[in-house]
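Please open the model in a viewer and keep the sequence panel visible. The tour below proceeds by selection, with a brief account of what is found at each stop.

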Amino acid sequence: MHCTRMLICRKVPMFIKLQCITERKLVNTNIIHFLSNTQCRQFCKTIHAKNISRNLVQPKRKVGIFEKWSIKWDLFKKKYQLMGLGCQLYDDIPDRLNYSVFFKDLSMPDTFYSWFLITELHVWMLMLRFMAEGEKGKEVIKSIVEAMWHDVIVRSDQLGPSLAKYKKKQIMQLSHEFNAAIIDYDEGIMSDDKILAGALWRRFFCMECNNPEHVERLLIYVRKQTSLFDKIPSEQLFHRSIVQWIELPHAASNEGFASL
C-alpha cells in the first residue's frame, strides 16, 4: 500500500471531542451505512484541573541548544525510514489480523463501521507503544495515522458511488470520533480494569453489548497485547516491523492476566 498524505481536518476543541464520547453523533446517510446508536451517558462533569495534585508534574530536564539541533538533525536523517516503518506497521493490521474472529466471537456486525472500530483499537495500541519513544516515536505515529486514513478513504470508495461532500462529511465525523476514542482509551489504560472496560464498552461495543463476557475477553486481549508491546526493547522497535498480534481469548477468565 502506498501511503499518501492524510485527510486534512480542522482542529477540534476539546469539548467537541468529549461530546463525541458522551453523545454518539452518528452518520446516517444512504451512501455509507455506519452502525450507530443515540444513547448518551453522563461523563466527567465534575472534573476540574485544580483538583489534580501538583506532585504528578515532574520537572523537565533542561536541554541545551546543541543537543536540540543534534536531535532534530538525527530525526531529519531518519524521517523517511520512520515513515516507511509507520506504513508497514499499519499494513500489518489488515494483513495479519483476523477480523472475522472479532465479528463472530464478539457478535459484531460485518460492516464498514465495525471494521473501523477494530482497526482503530489496534492503531491506538501501536500509538501507545511509540508514544514512549520521543520524537522518533511521534514520526512513526504520524505515519501510522496517515496510512489509516488513506485506507479508510480507499475502502469507502469501494462501497459505491457517492457525492464527495457526503463522503467528506462522514470521514470528518470518523476523525472526530477517533480523537475522542484515543482520549477515552488513554484514560482507561492508565486506570484500573473497570475504567478500561467502560471505555471499551462505550467505544468498541457502542454501548450495545449486553454480554459481560465479551467485554472481559476484549479487556484481557488489550492488556496482554499492550504488555507484549511494552516488552519490545527500544533498540529493536525501529529496525523493522516486529509486531505480533495475539489471538483473542477463547473464554473469558482471569487466567489471561497470569502471564502479564
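**The whole chain**

Among the contacts in the chain with a separation of 6 or more, 75% are between residues 24 or more positions apart. The model under inspection is a predicted one. Colour it by secondary structure: the chain holds ten helices and zero strands, so that the order of elements from the N terminus reads α-α-α-α-α-α-α-α-α-α. Next, display the surface. The accessible surface of the chain comes to about 15800 Å², and carbon and sulfur atoms contribute 55% of that area. Of the 260 residues, 43% count as buried.

**First selection: helix H3**

Select residues 79-96, which form helix H3, and show the side chains of arginine 96 and aspartate 92. These two residues form a salt bridge, with 3.5 Å between the closest N and O atoms. Why can the two side chains be looked for on neighbouring turns? Arginine 96 and aspartate 92 are four residues apart in helix H3, and therefore about one helical turn separates them. The two partners may also be compared by accessibility. Arginine 96, at 49% relative accessibility, counts as partly exposed; aspartate 92 has a relative accessible area of 7% and is buried, because buried means under 20%.

**Second selection: helix H6 and its link to helix H7**

Move to residues 134-157, helix H6. Show glutamate 135 and lysine 138, whose side chains meet in a salt bridge at 3.7 Å, N to O. The pair is three residues apart in this helix, which means a separation of about one helical turn. Are these residues buried, partly exposed or exposed? Glutamate 135 is partly exposed, with a relative accessible area of 43%, and lysine 138 is likewise partly exposed, with a value of 43%.

Now add aspartate 157 and lysine 167 to the display. Lysine 167 forms a salt bridge with aspartate 157, the closest N and O atoms being 2.6 Å apart. This pair links distant parts of the chain: aspartate 157 belongs to helix H6 and lysine 167 to helix H7 (residues 164-189), ten residues apart. Lysine 167 counts as buried at 12% relative accessibility, whereas aspartate 157 is partly exposed at 42%.

**Third selection: a salt-bridge network**

Select Glu120, Glu177 and Arg203 together. A network of salt bridges links these three residues. A search of the whole structure finds ten salt bridges.

**Fourth selection: the loop between helices H8 and H9**

Select the loop between helix H8 (193-203) and helix H9 (212-230), and within it cysteine 206. Which sign does phi take at this residue? Phi of cysteine 206 is near 55 degrees, a positive value in a residue other than glycine. Methionine 207 lies in the loop between H8 and H9 as well, and its phi is near 60 degrees, again positive in a residue other than glycine. With the surface switched on, cysteine 206 is buried, having a relative accessible area of 1%. Methionine 207 is also buried, with a value of 5%.

**Fifth selection: arginine 129**

Return to helix H5 and select arginine 129, which is found there. Is this arginine buried or exposed? Arginine 129 has a relative accessible area of 8% and is therefore buried, the limit being under 20%. To view its surroundings, show the residues that arginine 129 touches, not counting those up to four places away in sequence: Phe229, Asp230, Ile232, Pro233, Ser234 and Leu237.

**Final selection: the second largest cavity**

The tour ends at an internal space. A search of the whole structure finds three cavities of 30 Å³ or more, and the second largest encloses about 60 Å³. Select Leu89, Phe130, Ile232, Leu237 and Val243, which lie nearest its centre among the ten residues that line it. Two of these, Ile232 and Leu237, were shown at the previous stop as residues that arginine 129 touches.

Which helix supplies the largest share of the lining? Helix H5 (residues 112-130) does, with three residues. How does the lining of the second largest cavity divide by residue class? Eight of its residues are nonpolar, none are polar and two are charged.

Key:
Residues numbered from 1 in each chain as written. Predicted model: local features only at pLDDT ≥ 70, side-chain atom pairs only at ≥ 80, totals over all residues. Heavy atoms only, no water. 1 Å grid on protein atoms, 1.4 Å probe; cavity = no way out; pocket = protein on both sides within 12 Å on 5 of 7 lines; lining within 4 Å. Points joined across faces, edges and corners; volume = space filled by probe spheres on them. Nonpolar A, V, L, I, M, F, W, Y, C, P; charged D, E, K, R; others polar. Salt bridge = Lys/Arg side-chain N within 4 Å of Asp/Glu carboxyl O. Buried < 20%, exposed > 50% of the residue type's maximum accessible area, 1.4 Å probe, protein only. Contact = heavy atoms within 4.5 Å. Areas by Shrake-Rupley, 256 points an atom, 1.4 Å probe, with all protein chains shown as cover.
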